[in-house]
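Subject: Structure for your review

Dear colleague,

Please find below the structure for your review, together with its sequence. My notes on what was found in it follow.

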Amino acid sequence: MSGNWGSVLTELIPLALVVALSPLSIIPAVLVLHTPRPRPTGLAFLAGWLFGLAALTTIFVEVSSLAGGLKEKPPGWASWARIVIGAALIVFGLYRWFTRKKSDHTPGWMNSMSKFTPLRAGLAAAALTVINPKVLFICAAAGLAIGSAGLRSPAVWAAEAWYVLFAGSTVAIPILAYAVVGDRLDEPLTRLKDWMERQHATLVAAILIVIGLLVLYKGIHGL
């Protein structure tokens, strides 16, 4: 079981990186720090984001369980699920690459986040994890990877916590840092946001293609 434990944690790292390094994860976290009440709004957004990631991942772990995934030995269908998800990530990444010049502006709905209240920020963060196809796909891949690894319940929960904390780290870092340091972070966070807005489509495309290849390889290797 220790071998499965180490293998699933290794597999979760690149998946978590897709969510963590996505501009659509980091930019909203910076924007809510420019609201009239940045500290409570930022912390509410962080709570909603982590809750959304945890809920989605748990749902797909349970789906894996219903499909017979939580056994001593990983089921054969898990490799095919990885192949499908990996291929989908590559296709989506290629699409983002070829349409990157059409996606160099921040959506209007995202700019409105600088006016959010704490309650609205928390609800919006949880909703973003569901309506963002990339986050949904990655949480599905993570949940299926955990649920099909043949881990026992304590290890399953530990693996979920590992993934959620890793995936949510780039949202947590600026928000928690701002809670401690305050508005001294305004200028560097604004520069980061502006850079990620300019490079948004390119970053997303590169991340999706690389991680898609890793997930696809894992699936093919498991056949």
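Read from one end of the sequence to the other, the protein chain follows the pattern α-α-α-α-α-α-α-α-α-α. That amounts to 10 helices and zero strands. Please bear in mind that this is a predicted model. The protein chain has 223 residues, of which 49% count as buried. Among contacts with a separation of 6 or more, 88% join residues 24 or more positions apart.

The nonpolar core

The largest nonpolar core holds 56 residues, and those touching the most other members are Leu12, Leu15, Phe45, Trp49 and Tyr163. Helix α7 (residues 133-147) gives the most to this core, with eight residues. Phe45 deserves a further note: leaving aside residues up to four places away in sequence, Phe45 touches Pro28, Ala29, Val32, Met113, Ala121, Gly122, Ala125, Leu128, Val171 and Ile175.

Two of these contacts, Pro28 and Ala29, are also listed among the buried residues of helix α2. Eight of the nine residues of α2 (residues 23-31) are buried, so this helix is largely enclosed by the rest of the structure. The buried residues are Pro23, Ser25, Ile26, Ile27, Pro28, Ala29, Val30 and Leu31.

The aromatic pairs

A pair of aromatic rings is described by the distance of the centres and the angle of the planes. The count for this model comes to two aromatic pairs. In one of them, the ring centres of Phe45 and Trp49 lie 6.2 Å apart with the planes at 10°; since stacked pairs have planes under 30 degrees apart, this pair is stacked. Phe45 and Trp49 are four residues apart in helix α3 (residues 38-66), and so are separated by about one helical turn. Both Phe45 and Trp49 are buried.

The other pair is formed by Trp162 and Phe166, whose ring centres are 6.0 Å apart and whose planes stand at 75°; this is over 60, so the pair is edge-to-face. Trp162 and Phe166 also lie four residues apart, about one turn, in helix α8 (residues 153-167). Trp162 is partly exposed, with a relative accessible area of 36%, and Phe166 is partly exposed at 25%.

Helix α8 and its contacts

Helix α8 has 15 residues and reaches 21 Å from its first C-alpha to its last, close to the 21 Å expected at 1.5 Å a residue. Its buried residues are Ala155, Val156, Ala159, Glu160, Tyr163, Val164 and Ala167. Phe166, in this helix, touches Ile13, Ala16, Leu17 and Ala20, not counting residues up to four places away in sequence. Phe166 and Leu17 are 149 residues apart in sequence, yet their C-alpha atoms are 7.5 Å apart in space.

The cavity

How many cavities of 30 Å³ or more does a search of the whole structure find? The search finds one. The largest cavity encloses about 40 Å³ of space, and its lining consists of Glu11, Leu15, Arg82, Ile85, Ala141, Leu144 and Val215. The elements giving two or more residues to this lining are α1 (2-20), α4 (77-98) and α7. Leu15 thus appears in the lining of the largest cavity and also among the core residues that touch the most other members.

With kind regards

Notes
Residues are numbered from 1 along each chain as its sequence is written. This is a predicted model: local features need pLDDT of at least 70, side-chain atom pairs count only at pLDDT 80 or more; totals for chains, interfaces and linings use all residues. Side-chain values use heavy atoms; hydrogens and water are left out. Rings of Phe, Tyr and Trp (its six-membered ring) pair if their centres lie within 6.5 Å; planes under 30 degrees apart count as stacked, over 60 as edge-to-face and the rest as tilted. Buried means under 20% relative accessible area, exposed over 50%, partly exposed in between (1.4 Å probe, protein chains only). Contact means heavy atoms within 4.5 Å. The expected span of a helix is 1.5 Å times one less than its number of residues. A nonpolar core is a set of buried Ala, Val, Leu, Ile, Met, Phe, Trp, Tyr and Cys residues joined through side-chain atoms within 4.5 Å. On a 1 Å grid over the protein atoms alone, a cavity is a set of points where a 1.4 Å probe fits but cannot get out, and a pocket is an open set with protein on both sides within 12 Å along at least five of seven lines; lining residues have an atom within 4 Å of a point. Grid points are joined across faces, edges and corners, and a volume is the space filled by probe spheres set on the points.
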